Amino acid sequence: MSDSFLPRWSLKTEGIIMPDERLPTGQMIVVGLQHVVAMFGATVLAPILMGFDPNVSILFSGLATIIFFFVVGGRVPSYLGSSFAFIGPVLVATGASVGSPNGNIPLALGGIIAAGALYFLIGLVVQLAGHRWIERLMPPVVTGAIVAAIGLVLAPIAINSASGVTPDNQAGSDFARWIALATVVAVGFVAVYAPGTMRRLPVLIGGAAGYLIYYICANILGLGQPIDFTKIGQAAWFGLPTFQSPVFDARAISLIAPVAIILVAENLGHIKAIGAMTGRNLDPYLGRAFMGDGLATMLSGAAGGTGMTTYAENMGVMAVTRIYSTLVFIIAAGFALLLGLSPKFGAFIGTIPGPVLGGLSIVVFGLIAATAGRIWVENRVDFSNPRNLITVAVALVLGAGNFKLNVGGFTLDGIGTATFGAIILYHILRMTPETAERPHPAE
């Protein structure tokens, strides 16, 4: 690579396209659009589940990607979108119901900014002191336990949404449950049986199928609450979304700021994966990647957007296309900015029925938890070692049971207690004579 601040992208028309290479302009635009489609489902779903404006989150996903691009000097191909790790803490901090309008968004924004600031500081330390300490602090057994806990703590939220549970209807409805299950099946069919690159877009296409099923059952057959399309016709094609200002509340910050630790584990795994795909050592950019993501999260939280993270969905597109050019993500970010500035797009997103969101939540939150298994298998974590087994076991139950703990006036919810519990317990147990005698590379 060039020693200049940004790479000097060389033109290449076939084969693997590396981060400092590019395709002809027309092909670059097409690939950029593909990355927008890949990130779209999850980046829109996360703010909807938290009661945020999806237009704002889409807009800031584009800005976040551009910030990340410049902070890493255009060396790390990544798209930044809404992080699901914030969903549980945000809903608890704001007292909101999943998929419903959230009247306490400013409280959440203060916590998101605090998480971004902590994330940035961690990145700064990594940049100055090196990245090895992060890997020692959070080895694969710990990162996997944290990821699994995130999925498990969100499970009740997904089930309530899929069941049609509302403040006025605690029992839910069978209609909602059947629609949610149909959406789950649709996502599964797309992921397994869809042709070509369509298989990489199960949330988007499966969600569209669930939407269509709901429309037929509710609007045509009259089996449920019909979808109201009035606001779509009334909305303008272009205009600014509704921005909000943060409010800094100690309780909300204590609930949301610990998510930074989860983002570190998430981003660490992503950078390692991209390095493996490109055959390049991207470890020297870990600190800058953390700082870029932290800055992006702070900017997003300052105006009403969700916390940001690097996206596995877009890594999947890179794996399929073998196109790793970082310029592609500037193009994708540009398209995201255009979508974020369209109120009509936001109005359409607002018509997505709750049971469809519930079905998507079941799949997405389940996939988060299941990712832990992949982390453990790929890193050959030894579960015959009692330290590893106990660390994971405790973290899973703390997350699944949403174990809360007050520490010095701050409250940690299930994700926070599982995160810090896994890290602390692992290192406490590492000090025992037995485990000192049984070192393992994937501990």
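A crossing of two helices is called right-handed if the near helix is turned clockwise from the far one by less than a right angle. In this predicted model, the crossing of helix 17 and helix 18 is right-handed. Helix 17 covers residues 386–400 and helix 18 covers residues 414–430. The two pack at an angle of about 165°, and their axes lie 8 Å apart. Helix 17 is therefore roughly antiparallel to helix 18, because angles over 145 degrees are counted in that class.

On the side of helix 17, the contact is made by R387, N388, I390, T391, V394, A395, L398 and G399. Helix 18 contributes G414, T417, A418, A422, L425, Y426, L429 and R430. Sorted by class, the contact of helix 17 with helix 18 has 9 nonpolar, 5 polar and 2 charged residues. One of the residues of helix 17 in this contact is T391. T391 has a relative accessible area of 0% and is therefore buried. Leaving aside residues up to four places away in sequence, T391 touches V142, A422, L425, Y426 and L429. Among these, A422, L425, Y426 and L429 belong to the helix 18 side of the contact.

Ahead of helix 17, the loop that links helix 16 (354–378) to helix 17 contains R380. The phi angle of R380 is near 50°, a positive value in a residue other than glycine. Most residues other than glycine have a negative phi. R380 counts as exposed, because its relative accessibility is 66% and the class begins over 50%.

A second helix pair is formed by helix 4 (residues 105–129) and helix 12 (residues 286–303). These helices pack at an angle of about 165°, with 7 Å between their axes. Helix 4 is thus roughly antiparallel to helix 12. The crossing of helix 4 with helix 12 is left-handed. Helix 4 enters the contact through L109, I112, I113, G116, A117, Y119, F120, I122, G123, L124, V126 and Q127. The residues of helix 12 in the contact are L286, G287, R288, F290, M291, D293, G294, L295, T297, M298, G301 and A302. By class, the contact of helix 4 with helix 12 comprises 15 nonpolar, 7 polar and 2 charged residues.

The largest nonpolar core of the model contains 111 residues. Within this core, the residues with the most contacts are F84, F86, M138 and F365. Helix 1 (residues 25–50) gives the most to the core, with 12 residues. F365 touches L49, F84, I87, G151, L154 and A158, not counting residues up to four places away in sequence. One of the residues touched by F365, F84, is itself among the residues with the most contacts inside the core.

Two residues of helix 1 were examined individually. T25 is found in helix 1 and counts as exposed, at 56% relative accessibility. The C-alpha atoms of T25 and L11 are 9.7 Å apart in space, and the two residues are 14 residues apart in sequence. V31 also has its place in helix 1. V31 is buried, with a relative accessible area of 8%. When residues up to four places away in sequence are not counted, V31 touches L23, I323 and V328. The C-alpha atoms of V31 and S325 are separated by 10.0 Å, although these residues are 294 residues apart along the chain.

Definitions and conventions. Residues are numbered from 1 along each chain as its sequence is written. This is a predicted model: local features need pLDDT of at least 70, side-chain atom pairs count only at pLDDT 80 or more; totals for chains, interfaces and linings use all residues. Side-chain values use heavy atoms; hydrogens and water are left out. Axes are lines fitted to C-alpha atoms, for helices over the stretch in contact, and angles run from 0 to 180 degrees between N-to-C directions. Helices (H or I, at least four residues) and strands (E, at least two) are DSSP runs, numbered from the N terminus. Angles under 35 degrees count as roughly parallel, over 145 as roughly antiparallel, 65 to 115 as roughly perpendicular and the rest as oblique. Contact means heavy atoms within 4.5 Å. Ala, Val, Leu, Ile, Met, Phe, Trp, Tyr, Cys and Pro count as nonpolar, Asp, Glu, Lys and Arg as charged, and the others, Gly among them, as polar. Buried means under 20% relative accessible area, exposed over 50%, partly exposed in between (1.4 Å probe, protein chains only). A nonpolar core is a set of buried Ala, Val, Leu, Ile, Met, Phe, Trp, Tyr and Cys residues joined through side-chain atoms within 4.5 Å.
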